[in-house]
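Welcome! Here is a short briefing to read beside the sequence and the 3D view.

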There are 2 protein chains.
Amino acid sequence: MTARRAYDSAGTAARILDVAEQLVQVRGFNGFSYADIASELKITKAALHYHFAVKADLGEALINRYATRFISALAEVDGSAVPPPAKLAAYADLYAQVLRRRRMCLCGMLAAEYQTLPRGMQDAVVSFFDENESWLAGVLRDGREGGSLRFAGADRDAARMIINCLEGAMLMARPYGDVSRFRAAAASLLAGFTPVTAQVPGLAAAAQPA
Amino acid sequence: MTARRAYDSAGTAARILDVAEQLVQVRGFNGFSYADIASELKITKAALHYHFAVKADLGEALINRYATRFISALAEVDGSAVPPPAKLAAYADLYAQVLRRRRMCLCGMLAAEYQTLPRGMQDAVVSFFDENESWLAGVLRDGREGGSLRFAGADRDAARMIINCLEGAMLMARPYGDVSRFRAAAASLLAGFTPVTAQVPGLAAAAQPA
DNA sequence: GTCTATACAGCGATAGAC
DNA sequence: GTCTATCGCTGTATAGAC
């Protein structure tokens, strides 16, 4: 069992995770090796194994840290008392921030490689998406009840729709090296949930560039 | 240059491509080896190298064959004189067929691994998506002109939106082993393009299950 | 906690016989 | 067109000194 634990942000373990995270998000879990991390950090492979005995341990730690950060970013959005449409925009912006660093969503990348992952990583990936879905479903429910969001079907299905589209938009934006593709997709996705009276000006403009 | 060429469907090269295609769609290009194909076909790795000297050659052949088939399936849809909304449904169904075999779209998988691919494969992946986008944009334009489809913004942006959502829905459906997730997402996506008068009954039902 | 050194399997790829 | 045999390299992982 690998409970989610914190990593001293200056410690070696955290620096290993930083480098590994970038490598997975850019190249995939099957696309990098301990040697890549070692050379980047100028330590030896053996030192890496001291911190993460086997690659699966490193992978699980990676997902757990990523999920913890992501979920806490969502909690922060909840803390700021913004209306549901702005929460959705903030959610999409979390994705955009990842893409701006030329990375894929960590768990989106791992979703592609899912069948090759050790069991613990698979479960952690699914948990990540389940938590995202729950958070979004809550925002959507509040928004619909309050009249600031409009959509057909169940909260849960709409939440899944949003995750699908944002992950897909990230996936497609990277081969084109084009963040604006993502922005346009996100904007028009969210516009579909927003009654005209509550459109977010910045995003609506991005959806249909002048 | 690797011009798109045909493969005798009974020949060894074609059988190699069949196995490799499945492996890439399930495990990714970095997730399988020549040894995997060899053992499946009960030939040696050396024999594989006779047909595809280096792995990049195999990869390009894979994409080109896949693209040829996919585009010809689209041409077939065009041949049947169905209305634009049905063409979109047929397009989504091509994705569903892939997913039903527990596979990811070949080029969607390669999009995730994009940064690790040899140049020729990268270009072939982008071409695949460009062709998809063009086909969809044509359908969307016809549909809007004829009044059977309704959407905001440019044909091209709407086409990208559809590709994003379908690829994302495939990506997410696989970890959950749940094709119905994809069906629901595709149905509600297409419903957003379809005026009420032209809803496709089967799909609309799937979007909001009873 | 990091090192040197190494084990050992797997990888893509090649040479040369048949 | 397929084989056996092998190469050189990289992969994950370990042992044991410091």
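Let us start with a pair of rings: both B:Phe29 and B:Phe32 are buried, where buried means under 20% relative accessible area, exposed over 50% and partly exposed in between (1.4 Å probe, protein chains only). This is a predicted model, in which local features need pLDDT of at least 70 and side-chain atom pairs count only at pLDDT 80 or more, while totals for chains, interfaces and linings use all residues. Residues are numbered from 1 along each chain as its sequence is written, chains are lettered from A and ligands numbered from 1 in the order in which they are written, and side-chain values use heavy atoms, with hydrogens and water left out.

**Aromatic rings and charges**

- Over all chains, the structure holds 22 aromatic pairs; rings of Phe, Tyr and Trp (its six-membered ring) pair if their centres lie within 6.5 Å, and planes under 30 degrees apart count as stacked, over 60 as edge-to-face and the rest as tilted.
- B:Phe29 and B:Phe32 make an edge-to-face pair, with 5.9 Å from centre to centre and 75° between the planes.
- In chain A, ring pairs join A:Tyr66, A:Phe70, A:Tyr91, A:Tyr95, A:Phe128, A:Phe129 and A:Trp135 into a cluster.
- A:Lys55 lies over the face of A:Phe29, 4.6 Å from the ring centre; a charge sits over a ring if NZ of Lys or CZ of Arg is within 6 Å of the ring centre and within 35 degrees of the ring normal.
- The charged end of A:Arg144 is likewise over a ring, that of A:Phe151, at 4.0 Å from its centre.

**Around DNA strand C**

- There are 17 residues around DNA strand C, and A:Thr44, A:Tyr50, A:His51, B:His49 and B:Lys55 come nearest; a residue is near a strand if one of its heavy atoms lies within 4 Å of it.
- Sugar or phosphate holds 60% of the atoms of DNA strand C within 4 Å of the protein, and the rest belong to bases.
- Phosphate oxygens of DNA strand C lie 2.7 Å from a polar backbone atom of A:Thr44 and 2.7 Å from a backbone N or O atom of B:Lys55.
- A base nitrogen of DNA strand C is 3.1 Å from an N or O atom in the side chain of B:His49.
- H3(A) gives the largest share of the surface near this strand, four residues.

**Around DNA strand D**

- DNA strand D is surrounded by 17 residues, the closest being A:Lys45, A:Lys55, B:Thr44, B:Tyr50 and B:His51.
- Of the atoms of DNA strand D that come within 4 Å of the protein, sugar and phosphate account for 55%.
- A phosphate oxygen of DNA strand D is 2.7 Å from a polar backbone atom of B:Thr44.
- Side-chain N or O atoms also approach phosphate oxygens of DNA strand D: 3.0 Å for B:Thr12 and 3.4 Å for A:Ser33.
- H3(B) supplies the most to the surface near DNA strand D, with four residues.

**How the two chains relate**

- Chain A superposes on chain B by a rotation of 180° with 0.0 Å of shift along its axis (RMSD 0.0 Å), by least squares on the C-alpha atoms of residues with pLDDT of at least 70 in both.
- That is the relation of a two-fold axis.
- In chain A, A:Gly168 has the C-alpha nearest the axis, 1.8 Å from it.

**One residue to find**

- A:Leu110 is placed in helix H6 (residues 106-112) of chain A; helices (H or I, at least four residues) and strands (E, at least two) are DSSP runs, numbered from the N terminus.
- A:Leu110 is buried, with a relative accessible area of 2%.

Conventions:
Polar contact = N/O pair within 3.5 Å; in protein donor to acceptor, adjacent residues only side chain to side chain.
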